Each structure stands twice: as C-alpha cells, then as structure tokens.
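Student: I should like a close look at a single part of this structure, set out as one connected account. Please choose the part and place it within its surroundings.

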Number of protein chains: 2
Amino acid sequence: METKLSQSLEDYLEMIHMLRMEGKVARVKDIADALSVKMPSVAKAIAELKKLGLVTQEPYAGVELTKEGEVMAASILNRHILLKSFLTRLGVSEEVADKDACCMEHILSAETLSKIESFMKPVRPAPKRRKR
Amino acid sequence: METKLSQSLEDYLEMIHMLRMEGKVARVKDIADALSVKMPSVAKAIAELKKLGLVTQEPYAGVELTKEGEVMAASILNRHILLKSFLTRLGVSEEVADKDACCMEHILSAETLSKIESFMKPVRPAPKRRKR
DNA sequence: ATGCTAAATTAGCCTAGGCTAACAAAAATT
DNA sequence: AATTTTTGTTAGCCTAGGCTAATTTAGCAT
C-alpha cells in the first residue's frame with residue numbers, strides 16, 4: 001500500500017513496535033507516557049493507524065502491529081538506529097544523538113540515508129588477523 | 001529576545017534573506033513562488049514575523065529584515081550551508097543535499113551542529129610551521 | 001486620466017495533532 | 001461484592017499552517 005505516514009504517526013508506530021519488542025503490552029497509557037503526550041492523542045493516532053491497516057486493537061486492550069505495520073515500523077526503527085549510531089560516531093552524546101535521530105528519521109531522503117549507511121559500513125571488524 | 005521560530009517561519013525568514021541578498025525586492029509573490037505556497041500563506045507568515053519584530057513591511061511593498069531578523073536569518077542560512085556541504089561530502093547529490101539540508105536545518109541540536117562543523121573543519125590550512 | 005492586469009490583502013475554510021473535561025470500563029483493594 | 005483507582009474513550013476546543021474566493025491597491029498602457 002505504501003502509505004506515506006506523517007512524522008507523528010511514524011513516531012507512534014515506532015513506539016508501539018519498541019514496546020512490543022520489549023515484550024510489553026502496548027497500552028495507550030504506555031505509549032502516551034513514552035511519547036510525552038496525553039492519552040486522547042494516542043487514541044486518535046491509533047484510530048488513524050487502524051484505518052490504515054497498520055495496527056489492530058480490541059477496545060480497551062493493547063495494540064498489535066499488523067504484518068504491514070510491522071514492516072513499516074521496523075524500517076523506521078532501522079533508520080533511527082542508523083542515524084543514532086552515525087551521530088554518535090560524529091561525537092554527539094548518546095542522549096542528543098537519540099533525540100536528533102528521532103527527528104531525522106522522518107525527513108531524510110533515501111539517497112542521504114544510503115550515503116550515511118555507506119559512511120558507516122567501511123569500518124568493518126578489521127580483517128581478522130589469523131586467530132580464528 | 002531569542003524567539004524560537006517554527007520550521008515554517010524559519011523557512012520564510014530564510015527565503016526573504018536569500019532574496020534580499022540577491023539584491024531582489026522580497027515581494028509576497030516572489031516568496032510564495034520560491035517556497036511553493038500561495039500568497040495568502042505568505043501574508044500570514046509575514047504578519048507573524050512582523051509581530052515578532054523580525055521583518056518590516058509597508059503595506060503593498062517589499063519585505064525587509066530587521067537587525068534581529070537579519071541575525072536570525074543568517075544563522076539559519078549558515079546551518080543550511082553547513083548541512084548541505086556536509087551531505088555533499090558524504091556523496092549526496094547537490095539537489096537532494098539541498099532539500100535534506102532544508103529539513104535538517106530546523107531540527108538539529110546545537111551539539112550535533114557543532115560536531116558536524118568539527119567534522120567539516122579538520123581540513124585546516126596546515127599548522128603553519130614557525131612563522132610568528 | 002482611465003482602465004486593465006498583476007500583486008497584496010482579507011475573510012473564512014480545512015486538516016493534523018495536540019489538549020481538557022466528562023464519561024465508561026476494567027482492575028485492584030478492601 | 002463493593003468501592004476506588006486506573007485506564008480507555010469520546011466530545012469538543014485550540015493552534016499552526018496551508019488553501020480558495022473575493023476584494024483592494026498599485027502599476028502600467030493606452
């Protein structure tokens with residue numbers, strides 16, 4: 001379907017994914033706290049994501065990602081991880097790198113992302129000198 | 001005063017600055033065209049910037065930056081230039097670098113910007129041996 | 001000078017994405 | 001089991017930042 005999400009919806013999707021990966025139930029309250037917004041904002045966002053077929057939710061229960069939502073969330077998270085480690089490599093502190101990565105992940109073009117990826121790669125684990 | 005501008009207002013301010021630097025009169029029409037928005041949107045933005053004391057405008061005439069607006073616009077533009085050349089150095093094409101810089105310029109923390117600056121600098125003119 | 005065109009403004013609509021307040025359901029405590 | 005607390009939902013407000021349509025002004029050409 002390739003629905004282009006807003007930054008805000010991307011954030012919600014990503015957060016749901018992170019919570020689920022930690023084995024937690026992604027409850028409205030948790031999402032709200034994690035993103036520093038209020039519960040009704042989360043409810044609205046979830047309604048949107050449901051309409052887009054990216055998540056499912058039984059009333060008054062936790063949120064689950066659909067296959068498609070899973071894929072999309074994973075891609076966002078990958079961008080986040082890439083960007084954070086990139087910034088860290090430039091010497092930016094963990095905390096700030098995380099915050100800035102969080103903004104950048106929504107806006108950078110595929111080309112820029114791929115160049116950043118290339119920049120990060122070349123430091124491969126050193127050509128294993130002997131020793132197994 | 002240190003008013004924190006929205007991304008959108010930063011864009012308007014920056015564009016006005018660019019037009020003025022090219023010696024052009026920054027007319028509503030020009031700004032609208034340059035930013036791909038309609039004139040009424042520009043009018044609204046200018047009204048805001050006026051309230052903030054960043055620009056002046058006689059009714060039905062071109063827009064001028066105030067001292068403060070000038071300073072702020074220059075800082076935005078500097079960020080833009082820094083980021084664009086940074087991306088270019090990473091191998092991103094001119095066009096995309098420009099577009100992505102345009103987004104990044106509004107969101108990156110001071111820390112990240114300074115680290116990027118450091119990354120770009122190291123090409124200093126070689127440590128003048130001797131000589132004063 | 002008059003009238004036409006282009007530019008600027010104003011009024012008012014729309015959407016996204018926050019919020020609060022009020023209510024409903026579920027969970028936990030007693 | 002009843003009550004309280006927590007969580008979820010709904011209704012409805014607000015703002016920023018776009019837009020269109022309608023009006024006003026300015027700048028030219030005739």
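Tutor: The account below begins with one residue and then widens to the core, the chain contact and the DNA.

The model is a predicted one. The residue chosen is A101(B), which lies in helix α5 of chain B, the helix that spans residues 94-104. A101(B) is buried because it has 21 C-beta neighbours inside 10 Å, and the threshold for that class is 20 or more. If residues up to four places away in sequence are set aside, the contacts of A101(B) are H80(B), L83(B), K84(B) and L87(B). A further distance helps to locate this site: 10.0 Å separates the C-alpha atom of A101(B) from that of T88(B), and the two residues are 13 apart along the chain.

One of these partners, L87(B), leads outward from the site. With neighbours within four places in sequence left aside, L87(B) touches V92(B), A97(B), D100(B) and A101(B) in its own chain, and T112(A) in chain A. L87(B) also belongs to the largest nonpolar core, a set of 19 residues. Within that core, L83(A), L87(A) and L87(B) are the residues that touch the most other members. The elements that each supply at least two residues of the core are α4 (67-89) and α5 of chain A, together with α4 (67-89) and α5 of chain B. The largest share, four residues, is that of α4(A). As a general matter, nonpolar side chains tend to be buried together in soluble globular proteins.

The contact between L87(B) and T112(A) directs attention to the meeting of the two chains. Chain A and chain B each contribute 19 residues to their contact. On the side of chain A, two elements give two or more residues, namely α5 (94-104) and α6 (110-120). Of these, α6(A) provides the largest share, six residues. Sorted by class, this side of chain A comprises 10 nonpolar, five polar and four charged residues.

Chain A may now be taken as a whole. Chain A contains six helices and two strands, and their order from the N terminus is α-α-α-β-β-α-α-α. Its C-alpha atoms occupy a box of roughly 60 × 35 × 30 Å along the principal axes. Of its 132 residues, 29% count as buried. Among the contacts in chain A between residues at least 6 apart in sequence, 45% link residues at least 24 apart.

A helix pair in chain A deserves separate mention. The axes of α1(A), residues 7-21, and α3(A) are 10 Å apart and make an angle of about 90°, which means that α1(A) is roughly perpendicular to α3(A). At this packing site, S8(A), L9(A), Y12(A) and L13(A) of α1(A) meet A45(A), E48(A) and L49(A) of α3(A). The residues of this contact are five nonpolar, one polar and one charged.

Helix α3 of chain A also takes part in the surface near DNA strand D. This strand is surrounded by 18 residues, of which R27(A), K29(A), P40(A), S6(B) and P40(B) are the closest. At least two residues of the surface come from each of α2 (28-35) and α3 (39-51) of chain A and from each of α1 (7-21) and α3 (39-51) of chain B. The largest share, four residues, belongs to α3(B). By class, the surface has 11 nonpolar, three polar and four charged residues.

Note on methods. Residues numbered from 1 in each chain as written. Chains lettered and ligands numbered in written order. Predicted model: local features only at pLDDT ≥ 70, side-chain atom pairs only at ≥ 80, totals over all residues. Contact = placed C-beta atoms within 7 Å. Nonpolar A, V, L, I, M, F, W, Y, C, P; charged D, E, K, R; others polar. Buried ≥ 20, exposed ≤ 12 C-beta atoms within 10 Å, placed from the backbone. Near = placed C-beta within 6 Å. Axes fitted to C-alpha atoms, helices over the stretch in contact; angles between N-to-C directions. Parallel < 35°, antiparallel > 145°, perpendicular 65-115°, else oblique. Core = buried A, V, L, I, M, F, W, Y, C linked by C-beta atoms within 7 Å.
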